[in-house]
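Here are my notes on the model you asked me to look over. They are set out as numbered points, so that each can be checked against the coordinates.

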Amino acid sequence: MAKNLVIVESPAKAKTIEKFLGKEFTVKSCFGHIRDLAKGDGAIDTEDGYKPKYEVPSDKKDIVKELKKLAKSSETVWLASDEDREGEAISWHLSEVLDLDPAKRKRIVFHEITKSAIISAIENPRDIDAHLVDAQQARRILDRLVGFKLSPVLWRKIKPSLSAGRVQSVAVRLIVERERKIEGFESKSSYRVVGEFSTNGQKFKAELNKKFASFEEANDFLEAVKGAKFTINNVEVKPVRKKPSAPFTTSTLQQEASRKLGYSVSRTMMLAQRLYENGHITYMRTDSVNLSNFALANAKESVINMHGEEYSQVRKFTTKASGAQEAHEAIRPTSFSKLKAGDDLSQEKLYQLIWKRAIASQMAEAQLEKTTVSIGNNVNDLVFSAQGEVIKFDGFLKVYIAGTDDEESDNVEGLLPAMTVGDHPTRLTITATERFSRPPARYTEASLVKKLEELGIGRPSTYAPTISTIQKRGYVEKGSREGKERSFRVIELKKDTVTASEDSEKHGSDKNKLVPSDIGKVVTDFLTEHFGQIMDYRFTASVEQEFDEIAKGLKDWTEMIDNFYNPFNSTVDDTMQNVGRATGERQLGEDPETGKPVSVKVGRYGPMVQIGESNTEEKPRFASLRKDQSIDHISLEEALELFKLPKVVGQFEDKDVKVAIGRFGPYVQHDGKFVSLGKEDDPHDTSLDRAIELILAKRKADAERIIKTFEEDANIQVLNGRYGPYITAGKRKNYRIPKDTDPKTLTFEDCQKLIADQEANKGKKGKAKAKSTAAKKTRAKK
């Protein structure tokens, strides 16, 4: 048995580290956290200093058992979980659960999984940092308290099964507010004027320094300059230097991987985790842009070897964000000489992005020459401006150009021909194109991370789970919108003729943008009105700062939670007792057939239309909204269309085929049998052909499930199920088949006996349960 036991979080990390250590070391994975807060609302004792109750989940008990056995037989246990607060907490939980002797327990940390880093960590162990553990514990407990207190409020006041979170709810608020700005935006048109000129046989474009508010103004300008003489008024040439961006932090990596590779935030972190565990990059959850002296020297050597001395420029970046830990490093390759790494193409692409950004940060500035030319005319004072850039020395641009989220950029730039003041360029065409002001862009995952970071909300380890959670909970949807056709006018001066024409374009199209759902909007409005502190951006950021102070030992974690919890708990109680339901209800008009009011709102099963009122004797009618409909935008006509279900779409085998929506979703009904529609199917648009396709597919699947049928009773069948063979005896009456019984050999009598035996057992269990319940009630009365 090895003298040393090293415990890490993942098998991949264990496998990599094992290569660097000798036979005296055994490296094992604990597969993440080995215990967590107990389930239910009794996990935190709010009357006793917020004392948490932790438990080892059932799927981790065998792992704990094995680690205990190994720890007991080892001289030293090395806790090598990640270097952030989450990793520190994992080490603390391991120490507690394995009951490690502090004398034989050592904590080691490293920023990268390389042989030198692991050996250095072994040579420089430390103890578990209690302050980091407290900070993680404070976050976990606070988030549990908020979730467990707020969620029941949402169940009662909006819709069952909803949940709320401290950071997630604020992230949804950002998306909702952006959507409402877009909805309230009024687009205005103006005319952008671009001229095409030539000099010395070379063409170039220039933009007028004024936009015209109307068609008439733009047309008048073009008419006025028909015979104008154009003159170069000014030529300004100035050198420009461009500096490279800092190496990646967690948030900047997530943003750039989204822009350049199209990766979601969660995918980026999954791939980065694998690259880190395989020893290719440094730790991927960091808010530092710092590079170690080793990395600086390694990068310098690589730049000189690849591009020459003139391309090298050593830079030390410092982090502007408060709370950033400069002891950590930016995300970088473990070796700059390794140009490619990763187990698959996705990992390789991300590694290349990290490598290029890090190496570029240690390269010389790019030197450019920017030329700005002003072109006047002899008719009016308006001036055309042309800009061009020439790269004199590419520097870091040889390797990397940073991406941008700017959707407004349509500058006229390019290489310009040589010109001097007083030259008279030839006017070829001047075009005035109608352009429309744009609303703010919807958030992408990357731009939401950027906004959260700007506001100080969340930390590197929380961005990805926050964004994943708000989508899983249905508060936010990520999708693409086709956009709508829009016409625009174009006026062109060519030779001495001005002509006007009309063209069209698509506007409002979006790809992979975050859009709030109806439920997301209603929940946000409710929480903002009644739990303003929780939804306040500055307050949420201040909580993050308090966690940072706890991590540094400057604040007591129980005191911090106490200051928050007491007023928050009072607000929860008050809201439960005194606030009515929130539905986001909107009146649409009257049903022309019945004269009853038609409204739209969020109900117990989601967004729906209602015909009639709830407080009358006659029950109202309800219909669910379609996937592409919203309670904010649906019209009366569209709402009434939803009540056309159920409908007969045709006949198959001389029987009606009906499409309807039931309690468990949309379905097709034929010959007394029901077939669920797929997620991609819209019941309002389902054709007869599609319905028949689903019916036949269900028949085939049912036939493949049947193991045996009986002439004595058609209701009794032996079927193949999700969890193995079973007996069915009519609707929702299923019975287990013993494991040692071959289902193919069962006779009708065998099936009857199994059914009878299991029904008898159910009766006994029911009586025992009733007796137990009665006994509990008696004890409670005493």
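The points below go from the overall features to a run of strands, a cavity and two loop residues.

1. The model is predicted, and it should be read as such throughout. The protein contains 20 helices and 30 strands, and its C-alpha trace spans about 105 × 85 × 55 Å along the principal axes. Of its 782 residues, 46% count as buried.

2. Two totals may be useful for later comparison. Among the contacts in the protein with a separation of 6 or more, 69% are made by residues 24 or more positions apart. The accessible surface of the protein amounts to about 41600 Å², and carbon and sulfur atoms account for 48% of that surface.

3. Strands E24, E25 and E26 can be taken together. Strand E24, residues 655–662, pairs with strand E25, residues 665–670, in the antiparallel sense, and six bridges join them; within this pairing, Ile 661 has Pro 666 of E25 as its bridge partner. Strand E25 also pairs in the antiparallel sense with strand E26, residues 673–676, here over four bridges, and Gln 669 is bridged to Phe 674 of E26.

4. The turn that joins E25 to E26 deserves a look at its backbone. Two residues lie between the strands of this hairpin, and Asp 671 takes a positive phi near 55° there.

5. How many cavities of 30 Å³ or more does a search of the whole structure find? The search finds two, and the second largest of them holds about 80 Å³ of space. As background, rolling a probe the size of a water molecule over the atoms shows where empty space is left.

6. The lining of that second largest cavity consists of 13 residues, and those nearest its centre are Gln 168, Ser 169, Val 172, Tyr 475 and Val 523. Helix H6 (166–183) and helix H14 (518–530) each supply at least two residues of this lining, with H14 giving the most, namely four residues. Sorted by class, the lining of the second largest cavity has six nonpolar residues, six polar residues and one charged residue.

7. Is Glu 482, a loop residue, buried or exposed? Glu 482 sits in the loop between strand E15 (476–481) and strand E16 (484–494), and it counts as exposed because its relative accessibility is 62%, where the cut-off for exposed is over 50%. Not counting residues up to four places away in sequence, Glu 482 touches Lys 506 and Ser 509. Computed along the sequence, Glu 482 and Pro 439 are 43 residues apart, while in space their C-alpha atoms are 16 Å apart.

8. Ala 582 is likewise a loop residue, found between helix H17 (557–578) and strand E19 (586–590). Its relative accessibility is 15%, and Ala 582 therefore counts as buried, since that class is defined as under 20%. Leaving aside neighbours within four places in sequence, Ala 582 is in contact with Lys 157, Ile 158, Val 522 and Phe 526. The C-alpha atoms of Ala 582 and Gly 376 are separated by 62 Å, and these two residues are 206 residues apart along the chain.

Methods
Residues are numbered from 1 along each chain as its sequence is written. This is a predicted model: local features need pLDDT of at least 70, side-chain atom pairs count only at pLDDT 80 or more; totals for chains, interfaces and linings use all residues. Side-chain values use heavy atoms; hydrogens and water are left out. Two strands pair if DSSP finds at least two bridges between them. On a 1 Å grid over the protein atoms alone, a cavity is a set of points where a 1.4 Å probe fits but cannot get out, and a pocket is an open set with protein on both sides within 12 Å along at least five of seven lines; lining residues have an atom within 4 Å of a point. Grid points are joined across faces, edges and corners, and a volume is the space filled by probe spheres set on the points. Ala, Val, Leu, Ile, Met, Phe, Trp, Tyr, Cys and Pro count as nonpolar, Asp, Glu, Lys and Arg as charged, and the others, Gly among them, as polar. Buried means under 20% relative accessible area, exposed over 50%, partly exposed in between (1.4 Å probe, protein chains only). Contact means heavy atoms within 4.5 Å. Accessible areas come from the Shrake-Rupley method with a 1.4 Å probe; for residues, only the protein chains shown count as cover.
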